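Good morning, colleagues. I should like to take you through one model today, beginning with its ligand and ending with three individual residues.

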Amino acid sequence: MTNLETNLKLIAPNGKAMILAYDQGFEHGPRDFSENPRSANFEYILQIAKEGGFTGLVAHMGLAEKYKREICDSGIPLIVKLNGKSELPSLKEDPYSPQLYSVEDASAVWAKAVGYTVYSGSKYEAQMNKEFAQIIRTAHTKGMLAIGWMYPRGEGLKEKGLSDKDESVVAYGARIGLELGADIVKVKYTGSVESFNWVVRCAYPTKVVMSGGPKTTDEEFLADVRDVLSAGACGIAVGRNVWQNKYPLEISKKLRETIFNK
Ligand code: FBP
């Protein structure tokens, strides 16, 4: 088995992934931690990832480096997010999330995979496509997985009257991830099994995971997870619906039952 296959098996055992995302402190800021103030602390998140049975944990480089030993000891595959941006600049500007760290940096903290957000449709998309393509190439030479946060967004979409959750838009983002060479694409839920199945087919054989979105009720969240799985998705890569939950380990258990039947 190649290193890439081994890492894919770790993050998606039997083809199913349950990834805990924790890049929101950068992307949205500490407002995401107000619901459950303990979630500001990475040690709490690592404990949820471990006891909750997650198959991967996403962090930016700062936390990955500070906690590299603890993450390694936990046995949870680390996914380092290589680009990032805050939500402080004007929302009128098309989004661009520059690459901040390299695949080599991620490898030095023992990451099994790297992540990168591509805002297809932004006027900066060419730059992001280029950076992500280079990241994928380097990651693959090191046997690391490349995961694309494929989030079409920006004025181009608005001009065409499109929403970032439209089937055609999400499918296009997922397809770009496949064409660039991503192993897994993380996309927004389109709202129905049929539409998400089209997304999965457009990305095939790249695997698709659902991004969680703002905190909702457990019932609604679990229903979405069931839907994307029956649409053929490989699993989820979510944050707020787990660590903003009053009972993170209970929702994690329900997720495990839904995704792995155990
Ligand atoms: P959530 O499950 O909390 O929505 O996290 C998924 C995620 O993709 C994060 O990895 C990322 O920080 C955030 O959503 C980006 O959200 P937005 O759509 O607001 O840019």
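I shall describe the ligand and its surroundings, and then the three residues in turn.

This is a predicted model, in which local features need pLDDT of at least 70, side-chain atom pairs count only at pLDDT 80 or more, and totals for chains, interfaces and linings use all residues. Residues are numbered from 1 along each chain as its sequence is written, and side-chain values use heavy atoms, with hydrogens and water left out.

Let us turn to the ligand. Where does the ligand sit? The ligand occupies the largest pocket. A pocket here is an open set of points on a 1 Å grid over the protein atoms alone, where a 1.4 Å probe fits, with protein on both sides within 12 Å along at least five of seven lines; a molecule sits in it if more than half of its atoms lie within 2 Å of its grid points. Surrounding the ligand are 16 residues, of which the closest are Asp23, His28, Tyr151, Lys188 and Arg240; a residue counts if one of its heavy atoms lies within 4 Å.

Several distances to oxygen atoms of the ligand deserve attention. A polar side-chain atom of aspartate 23 is 2.6 Å from a ligand oxygen. For tryptophan 149, a side-chain N or O atom lies 3.0 Å from an oxygen of the ligand. In glycine 239, a backbone N or O atom is 2.8 Å from a ligand oxygen. On its own the ligand has 480 Å² of accessible area, and the protein covers 90% of that (Shrake-Rupley method, 1.4 Å probe).

Next, threonine 117. This residue belongs to strand 4, residues 113–118 (strands are DSSP runs of E, at least two residues, numbered from the N terminus). Threonine 117 counts as buried because its relative accessibility is 2%; buried means under 20% and exposed over 50%, with a 1.4 Å probe and protein chains only. Beyond four places in sequence, threonine 117 touches Lys81, Asn83, Met128, Trp149 and Tyr151, contact meaning heavy atoms within 4.5 Å. With lysine 81 there is a side-chain to side-chain polar contact at 2.9 Å, that is, N or O atoms within 3.5 Å, one able to donate a hydrogen and the other to accept it.

Valine 208 lies in strand 7, residues 207–211, and is buried, at 2% relative accessibility. Its contacts beyond four places in sequence include Val185, Phe196 and Cys234.

Finally, is methionine 1 buried or exposed? Methionine 1 is exposed, because its relative accessible area is 69%. This residue is in the segment before helix 1.

Technical notes
Helices (H or I, at least four residues) and strands (E, at least two) are DSSP runs, numbered from the N terminus. On a 1 Å grid over the protein atoms alone, a cavity is a set of points where a 1.4 Å probe fits but cannot get out, and a pocket is an open set with protein on both sides within 12 Å along at least five of seven lines; lining residues have an atom within 4 Å of a point.
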